[in-house]
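User: I am learning how labels such as "buried" and "salt bridge" are given. Can we work through some together?

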Amino acid sequence: MPNIGSFTKAADALGYTQPAMSQMITSLERELSIKLLYRSRYGVHLTIEGERLFPSVQKMISQYLAMQEIAKEIRGLDTGVIRIGTISSISCHWLPNLIKEFQEQYPNVEFVLHQGDYTSIPEWVRIGEADFGFVNPNAVPNIKTKFVKEGEHRAVLPLNHPLAHNSYVTLEELSKEPFLLLEEGSLSEPLAAFQANGLEPHIRLRVHDDYSILSMIEAGLGVSILPELVLRKTNYQVAILPIKPMVIRKIGLIAKEKNALPLASKYFIDFLFEHINDLP
C-alpha cells in the first residue's frame with residue numbers, strides 16, 4: 001500500500017475509524033516497545049525503527065494473503081484473487097479478452113492489475129504484490145521465465161515527416177531525428193537495437209506511457225520506436241513504418257514458486273498458454 005501520510009485517510013482506505021486505527025498502532029507499539037510512527041505537520045511517517053520493521057510487515061501480510069488463498073484452494077476455485085504485474089500494451093490488447101473468457105468459467109474470481117515496467121514487475125512478484133507478471137526475458141537474465149510470444153517494433157513518425165511516406169525506415173535514419181524514448185525499466189529494446197548497430201539516438205524526451213508518446217509524435221515533437229502491439233486500435237494521426245533491421249520484443253512470464261502460486265493464478269496461467277495462438 002502507498003504511503004498515505006494520514007491516519008484518517010488510512011482508516012478510510014481500510015474500513016476503520018480513525019480512533020480505532022490509532023489504538024491499533026498504539027497497541028502494536030506497546031507490544032513491541034518500539035515507536036513505529038511519528039506525526040508532524042507534514043503528515044505521518046515511519047520512524048527509523050519502523051522503516052527497519054516494514055519489510056517484515058510486508059512479508060507477514062504476503063504470507064497471510066497466501067494462507068487465505070490456500071484456504072480458498074481447499075474449498076475449490078469458487079473464489080480467488082489473481083494479481084498480475086503487466087505492461088500497458090498487454091493490459092490493453094491481451095488481458096481484456098483473456099479475463100472475460102476466464103470469468104465466464106470462473107465468475108467469482110477477481111483480478112488486480114499492477115501496471116509497471118521491466119524493473120517494477122519482477123520486484124512485485126518477489127515481494128508478493130503480484131502472483132506473476134510479464135517481462136522481456138532479456139531484462140531479467142537471472143530469473144526463470146517462461147516464453148510467451150514475440151512481436152516487432154515499428155517506427156512512429158509525424159504525418160508530415162520527410163520519411164513518413166517511405167516503405168520503411170532504417171535505424172540509422174531514426175538515430176538522426178529527435179527521439180522520444182519509452183521508459184521500460186531495466187531494458188529498452190530500441191536502445192539495445194541502436195547500440196547493437198553502433199548508433200546513438202538523439203533522445204529529447206523520456207516518457208513512461210506509450211500513449212503519451214503517440215500524442216507527442218502527433219504534435220510533431222519527434223519520432224519513436226514502439227511495440228506493434230501498442231499501435232493496435234489507436235486513432236492518433238501518425239505514420240507507422242517497418243524498421244530495418246527489425247527490432248523484436250520478447251515477452252515472457254515470471255511467477256512465484258509453483259507451490260506459492262494461488263490456485264486461481266495457476267489456472268489462469270494454464271488458460272493463457274492454452275489460448276496463446278489467439279493473442280495478437
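**Labels and their cut-offs**

User: What makes R206 count as partly exposed?

Analyst: The relative accessibility of R206 is 49%. Exposed needs over 50%, and buried needs under 20%. The value for R206 fits neither label, so R206 is partly exposed. Keep in mind that this is a predicted model.

User: Why is the contact between E183 and R206 called a salt bridge?

Analyst: The N to O distance between the side chains of E183 and R206 is 3.3 Å. The cut-off is within 4 Å, so the pair qualifies. E183 sits in the loop between β8 and α8, while R206 belongs to strand β9, so the pair ties together parts that are 23 residues apart in sequence.

User: Is E183 buried or partly exposed, and how do you know that?

Analyst: E183 has 22% relative accessibility. Buried means under 20%, so E183 counts as partly exposed.

User: What makes E123 and R126 a salt bridge, and where do they lie?

Analyst: Their closest N and O atoms are 2.7 Å apart. That is within 4 Å, so the label holds. Both residues are in helix α6, 3 residues apart, which means about one helical turn separates them.

User: Why is R126 called exposed when E123 is called partly exposed?

Analyst: R126 reaches 61%, and exposed means over 50%. E123 has a relative accessible area of 33%, so E123 falls between the two cut-offs.

User: How do you know that E228 and R232 form a salt bridge?

Analyst: Their side chains meet at 3.5 Å, N to O. The limit is 4 Å, so this pair counts too. E228 has 26% relative accessibility, and R232 has 34%. Both values lie between 20% and 50%, so both residues are partly exposed.

User: Why does E189 have no salt bridge?

Analyst: The nearest side chain of opposite charge is R249, 5.0 Å away. A salt bridge needs atoms within 4 Å, so E189 has none. E189 is buried and lies in helix α8.

User: Which residues does E189 touch?

Analyst: Leaving out residues up to four places away in sequence, E189 touches Y118, N136, H153, E184, V247, I248 and R249.

User: How many salt bridges are there in the protein, and how many charged side chains?

Analyst: The count comes to 6 salt bridges. The protein has 27 positive and 32 negative side chains.

User: How much of the protein is called buried?

Analyst: Buried residues make up 43% of the 280 residues.

Note on methods:
Residues numbered from 1 in each chain as written. Predicted model: local features only at pLDDT ≥ 70, side-chain atom pairs only at ≥ 80, totals over all residues. Heavy atoms only, no water. Helix = DSSP H or I, 4+ residues; strand = E, 2+ residues; numbered from the N terminus. Buried < 20%, exposed > 50% of the residue type's maximum accessible area, 1.4 Å probe, protein only. Lys, Arg positive; Asp, Glu negative; His and termini not counted. Contact = heavy atoms within 4.5 Å. Charge placed at Lys NZ, Arg CZ, Asp CG, Glu CD.
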